[in-house]
Amino acid sequence: PICGQNLFTSTETVTFMRCGHAIHSTCMKEYTRTNFICPVCRKSLGDTSAITREIDLCIQMQPMPEIFRNTTVQVLCNDCLEKSSVPFHFLGSKCASCQSYNTSISSYSNMPTRAELEASSSSSVIPDLSVSDPLLGIS
C-alpha cells in the first residue's frame, strides 16, 4: 500500500480498486486528490471520459509544429494492455484500441534530428512580443 502499512494487520478500513488492488480507504481518498491511476498496476481508477474529452480539446487547440507531423509513437495502454502506433503529441498519446490517454511510450518513429529541429526553429517566424502601451508609459 501507499502508506507502507501491512493491509492484513491494519485496523483501518480497506477498499478494493476497480483493478482489484487493495488500499486503505483513507489512503485512497488522499491519493485520488491528485492521481487517477492505480499505484500498483497503473490502470485507471474510474471513468476517465471527462479527462479524455479535455485532452482531446487541448490537442485540437494546440496542433504540433509541422516538423513533428509525421512523428509517431509506439504506446502500451495501461488500461487495455494493447500496443499501438499513434501520432506523437506532447500533451498525450491516445490508445488506438480503447481511446485512453493512460499510455506509456515505448518508442518514437520519424522523430526529427537535432539539426532538423535547429534548422526549423531558425527559419520559423518569431512573433513580436514587445509591449507598447502609451497609457502605462511603455513605448
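## Tyr 108 and its aromatic partner

In this predicted model, Tyr 108 has a relative accessibility of 45% and therefore counts as partly exposed, since that class lies between the limits of 20% for buried and 50% for exposed residues. Phe 88, by contrast, is at 15% relative accessibility and so counts as buried.

The structure holds two aromatic pairs. In one of them, Phe 68 and Phe 88 are tilted with respect to each other, with 45 degrees between the planes and 5.8 Å from centre to centre. This pair connects distant parts of the chain, 20 residues apart: Phe 68 belongs to the loop between helix H2 (49-61) and S3, and Phe 88 to the loop between S4 and strand S5 (103-109). Both Phe 68 and Phe 88 are buried.

The pair of Phe 88 and Tyr 108 is edge-to-face, with a centre-to-centre distance of 5.8 Å and an angle of 65 degrees between the planes. Here too, distant parts of the chain are linked: Phe 88 lies in the loop between S4 and S5, whereas Tyr 108 is located in strand S5, 20 residues apart.

## The aromatic cluster

Phe 68, Phe 88 and Tyr 108 together form one aromatic cluster. Within this cluster, Phe 68 and Phe 88 are buried, while Tyr 108 is partly exposed because its relative accessibility is 45%.

## The hairpin of S3 and S4

Strand S3, covering residues 72-77, and strand S4, covering residues 83-87, run antiparallel and are joined by five bridges. Leu 76 has Lys 83 in S4 as its bridge partner.

Five residues stand between the strands of this hairpin, in which Leu 81 adopts a positive phi near 65 degrees.

## Asn 70 in the loop before S3

Asn 70 is situated in the loop between H2 and S3. Phe 68 occupies the loop between H2 and S3 as well, but the two residues fall into separate accessibility classes: Phe 68 is buried, whereas Asn 70 is exposed because its relative accessible area is 61%, a value over the 50% limit.

Leaving aside residues up to four places away in sequence, Asn 70 touches Ser 109 and Asn 110. The C-alpha atoms of Asn 70 and Pro 87 are 7.4 Å apart in space, although these residues are separated by 17 residues in sequence.

Conventions:
Residues numbered from 1 in each chain as written. Predicted model: local features only at pLDDT ≥ 70, side-chain atom pairs only at ≥ 80, totals over all residues. Heavy atoms only, no water. Pairing = 2+ DSSP bridges. Helix = DSSP H or I, 4+ residues; strand = E, 2+ residues; numbered from the N terminus. Phe/Tyr/Trp six-rings, centres within 6.5 Å; stacked < 30°, edge-to-face > 60°. Buried < 20%, exposed > 50% of the residue type's maximum accessible area, 1.4 Å probe, protein only. Contact = heavy atoms within 4.5 Å.
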